[in-house]
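Visitor: I've just opened this one and I'm new to it. Can you walk me through it?
Guide: Gladly. Here it is.

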Amino acid sequence: MMHFILTLVQIVAALGAVSSSIYYLLCLWSAATFLREREAGEGARPTQALPPISILKPLKGIDPEIYESFRSHCLQDYPEYEIIFGVSDPNDPAIESVRALQREFSDRRIQLVVSPKILGANVKVSNLAQMLLEARHDHLIINDSDIRVEPDYLRRVTAPLADRRVGMVTCLYRGAAAATLGSRLEALGISTDFCPSVLAARQLEGIHFGLGSTLAFRRAELEQIGGFTSFVDYLADDYELGRRIAGLGLAVELSEVVVETYLPPYKLREFFAHQLRWARGVRDARVAGYLGLVFTFGIPWSLVALVVSRAELWAWGGLAFTFLLRLAVALVVGRNVLMDRQVLKYLWLIPLRDLVALAVWIASLGGHTVTWRGDRFRLKDGRLNRIPPSASNV
């Protein structure tokens, strides 16, 4: 009986390693396609009229390098745009950075909206709904508070919206890690795991979601899907916004622009909690796709095959092949697509990062609570329900 079980585990592990290798090849193909398209479009500048833009930036607390990230939005080579910051707490520490920005760039239209009214469980979306009332323009961009951009960002990101068949533009991003292991694992995961999966999705079925790094769209389409309040209780608000705009029959384009986020100095516990929140959000939003991720953990599957086969030669060969493909994905996407200068430095952490990713995946399958910005929520069907501080952590 034990021999049968070990043989079965060995077969499953081998199949997992094979499926992961196929997935890695898909990621490499997808990255090569993206790079060819980006190279073909390099040097091209928008020839159509440049519409005025309202940038909406909801805030809560201080992020690393927050002022320089804000400042990069004020240095855009773009004729007309405004920046609207929003907070729910009138004592939020991010307000000081906004006030300093207003003083430095007094010629820019920079507003701060304080929205103490909470419209739903997702306070970020609640803020956006109230910030939108102050927006002057019909072309909108939302990006996270920790995003830093280049001076041609607005020109390049909004260019696809000149085609009325395009409903949204979103961006890949790279993470600048702080000097902690948790922060480095987070950055490595963004560049070598998350972004390759986005490119693979783009190649297989197209993009039907948005990424919080950049969401560029028109007010008209936002109104058609019911406005921000229609998903004010959802955790994955960027995913929901993109999904609903795609549901109108419009394309969601992945821009060639790559932006940068500065990561907090996560301790391992904080890193794991952040990953778990993200994982449970994806699980609730796309159950089938999330369960399918089990077939992409190449290094863990290869290690299982090596152990249960008692280090047979074929298992060593499978581990070597899978590992080389995994490194190739990391280098091609991290270095070539995202231009992440840290990938080589932290490449040796990939086996650890992939083992942690598997642990997060397993942990996310059970349980329905997430921690977000210091608050705890129960997650069901993508919706958030706030857990009072006195409630039991179930």
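**A first walk through the model**

Guide: Let's begin with one residue: Asn-91 sits in the loop between β2 (81-87) and α3. Helices (H or I, at least four residues) and strands (E, at least two) are DSSP runs, numbered from the N terminus.

Visitor: Before we go on, what am I looking at, and how are things counted?
Guide: This is a predicted model, where local features need pLDDT of at least 70, side-chain atom pairs count only at pLDDT 80 or more, and totals for chains, interfaces and linings use all residues. Residues are numbered from 1 along each chain as its sequence is written, and side-chain values use heavy atoms, with hydrogens and water left out.

Visitor: Back to Asn-91, then. Buried or exposed?
Guide: Asn-91 counts as exposed, at 66% relative accessibility. Buried means under 20% relative accessible area, exposed over 50%, and partly exposed in between (1.4 Å probe, protein chains only).

Visitor: How far apart are Asn-91 and Gly-281 in space?
Guide: They are 29 Å apart, C-alpha to C-alpha. Along the sequence, 190 residues separate Asn-91 from Gly-281.

Visitor: Zoom out. How many helices and strands does the protein have?
Guide: It has 13 helices and 11 strands.

Visitor: And the overall dimensions?
Guide: The C-alpha atoms fill a box of roughly 70 × 55 × 40 Å along the principal axes. The radius of gyration is 22 Å, which agrees with the value near 21 Å for a compact globule of 394 residues. That radius is taken over C-alpha atoms, and the globule rule is 2.2 Å times the number of residues to the power 0.38.

Visitor: What share of the residues is buried?
Guide: Buried residues make up 53% of the 394.

Visitor: What about the surface?
Guide: The accessible surface comes to about 18100 Å², and 59% of it belongs to carbon and sulfur atoms. Areas come from the Shrake-Rupley method with a 1.4 Å probe; for residues, only the protein chains shown count as cover.

Visitor: Charges?
Guide: There are 43 positive and 40 negative side chains. The centres of the two sets lie 3 Å apart. Lys and Arg count as positive, Asp and Glu as negative; His and the chain ends are not counted. Each charge is placed at NZ of Lys, CZ of Arg, CG of Asp or CD of Glu.

Visitor: How do the contacts spread along the chain?
Guide: Take contacts between residues at least 6 apart in sequence: 80% of them join residues at least 24 apart. Contact means heavy atoms within 4.5 Å.

Visitor: Give me one residue with its contacts.
Guide: Try Met-131, in helix α4 (residues 123-131). Met-131 is buried, with a relative accessible area of 0%. Leaving aside neighbours within four places in sequence, its contacts include Leu-56, Ile-84, Phe-85 and Val-113.

Visitor: Which helix is largely enclosed by the rest of the structure?
Guide: Helix α11 (residues 298-308) is, because eight of its 11 residues are buried. Among them are Trp-301, Leu-306 and Val-308.

Visitor: What follows α11?
Guide: Arg-310 does, and its phi is positive, near 60°. Arg-310 is in the loop between α11 and α12 (313-337). At 74% relative accessibility, Arg-310 counts as exposed.

Visitor: Where else is phi positive in a residue other than glycine?
Guide: At Glu-65, where phi is near 55°. Glu-65 lies in the loop between β1 (53-58) and α2 (66-73). Glu-65 is partly exposed, with a relative accessible area of 43%.

Visitor: New topic. How many disulfides turn up?
Guide: A search of the whole structure finds zero. A disulfide is a pair of cysteine sulfur atoms within 2.5 Å. For Cys-171, the nearest cysteine sulfur belongs to Cys-195, 11 Å away.

Visitor: Is Cys-171 buried or exposed?
Guide: Cys-171 is buried, with a relative accessible area of 0%. Cys-195 is also buried, at 0%.

Visitor: One last stop?
Guide: Arg-155, in helix α5 (residues 153-158). Arg-155 counts as buried, at 16% relative accessibility. Its C-alpha is 8.5 Å from that of Gln-76, which is 79 residues away along the chain.
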